[in-house]
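I opened my notebook to look up a few local features of one model. My entries follow in the order I made them.

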Amino acid sequence: MSDFKLRSMNAGDRSEVAELIYLSTNSWYVSHGRPPIFSGDPMSADIFFDVYEALDPGCGLVVEHTRTKRVVGSCFVHPRPTHIALGIMNSHPNYAGRGIARLLLKHIVDEADRLRLPLRLVSSALNLDSFSLYTRAGFVARRIFQDMYLAVPSGGLNVSVDVAGTVRDAKPGDVGAMVALEKELVGLDRAKDFAYFIKNAWGFWHVSVIEGDNGIDGFLVSCGHSGLNMFGPGVTRREEQTAALILRELNQYRGRHPLFLVPVDCGNLVRMLYDWGARNCELHVSQVRGEALPSKGIVMPTFLPETA
Ligand SMILES: CC(C)(COP(=O)(O)OP(=O)(O)OC[C@H]1O[C@@H](n2cnc3c(N)ncnc32)[C@H](O)[C@@H]1OP(=O)(O)O)[C@@H](O)C(=O)NCCC(=O)NCCS
């Protein structure tokens, strides 16, 4: 009998999954000479369970140890009409290299093949264990992103971006135009996610859009939760539009240091972000298994909910 059993995640797994995410991520980074990713209370990582369960109840997966019944592996799955995204794959460091991640991934790959949908994710370029876990399963690396953070002064950033159009808060009526834009530029359809962010039932989401003569030309979501202050998902047609949206979101988080991923090939945008005080902290790679449109826009992925 195998030591490990795969099953669906349920409400009773919430705190064990949060602890596993906190422990396994920090332990991997510290054992590879990097600072821990999460600080403070391990339960702050429960945001991943809460958001994924709110968006896709019952879609998460855990691996349970057959003898102890403890959760030793977990992954969130995010099915959408155009693709399936997966994220926050973790296995307990005591059982590293024992095939837990492979077991989780095989189940997700089989389901994607059954539904004939591409799988998408972002994986750390510094973490070869996860990068190659996916490439060996048939994922293809598509685009590289710089992870940057910026300490926002308490008075906000005193800079401006020269851009045509109006940058404003998103409204529920913008969802259709946001979906159409992302479908055109990236080939994804995530109406449910956008409606959820704009509704902001838990009070830590914020969404900005940029509106030009022909409608919505870009959007950017931010998460202001104490356990994860991160921007994304976002997409625009041009770099200066992304800069304007990032600036607006940065000024929502005065005194904090939000994290955001920007495409490495957007040189002007990256230069502007350095001028504002941004620093690099990691690199991530978008990976797709199956068909992917060549991306036409400026994409900003996130880890919650995972996008690419
Ligand atoms: C990444 C992580 C999930 C891997 O979990 P794991 O349970 O130890 O992984 P598995 O035992 O299932 O095996 C991983 C597979 O990756 C592959 N792999 C790992 N390193 C590799 C390398 N350098 N080259 C080629 N393949 C490699 C192997 O193919 C291995 O399969 P194999 O046994 O057939 O050779 C785990 O290290 C972890 O939780 N890390 C911290 C959190 C994290 O970084 N998560 C990823 C977020 S996207």
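**Entry: the ligand shell.** I sorted the residues of the shell around the ligand by class and got seven nonpolar, 10 polar and four charged. My classes were these: Ala, Val, Leu, Ile, Met, Phe, Trp, Tyr, Cys and Pro are nonpolar, Asp, Glu, Lys and Arg are charged, and the others, Gly among them, are polar. I counted a residue as near the ligand if its C-beta atom, placed from the backbone, lies within 6 Å of it. There are 21 residues around the ligand, and W28, S91, A101, R102 and S132 come nearest.

**Entry: ground rules.** The model is predicted, and local features need pLDDT of at least 70, side-chain atom pairs count only at pLDDT 80 or more, and totals for chains, interfaces and linings use all residues. Numbering runs from 1 along each chain as its sequence is written.

**Entry: where the shell comes from.** Which elements each supply at least two residues of the shell? I found helix 1 (14-31), strand 4 (83-91), helix 3 (100-115) and helix 4 (128-136). Helix 4 gives the largest share, six residues. Helices (H or I, at least four residues) and strands (E, at least two) are DSSP runs, numbered from the N terminus.

**Entry: two domains.** I noted domain 1 (4-117) and domain 2 (146-300) in the protein chain. These bounds come from an automatic or database domain assignment. The C-alpha centres of the two domains are 25 Å apart. Their contact takes 11 residues from domain 1 and 13 residues from domain 2. Contact here means C-beta atoms, placed from the backbone, within 7 Å. On the side of domain 1 that touches domain 2, helix 2 (residues 46-55) has the largest share, three residues. That side has seven nonpolar, three polar and one charged residues.

**Entry: backbone oddities.** Most residues other than glycine have a negative phi, and most peptide bonds are trans. I looked for exceptions.

- The bond from G232 to P233 is cis, with omega near 5°. P233 sits in strand 10 (residues 228-236).
- The bond from L304 to P305 is also cis, with omega near -15°. P305 is in the segment after strand 13 (298-300).
- K69 has a positive phi, near 65°. I placed K69 in the loop between strand 2 (61-65) and strand 3 (71-80).
- N200 has a positive phi of about 55° and is not a glycine. N200 lies in the loop between helix 6 (191-199) and strand 8 (205-212).

**Entry: buried or exposed?** I counted other C-beta atoms, placed from the backbone, within 10 Å of a residue's own: 20 or more is buried, 12 or fewer exposed, in between partly exposed. K69 has 9, so K69 is exposed. N200 has 12, so N200 is exposed.

How values were computed:
Two residues are in contact if their C-beta atoms, placed from the backbone, lie within 7 Å.
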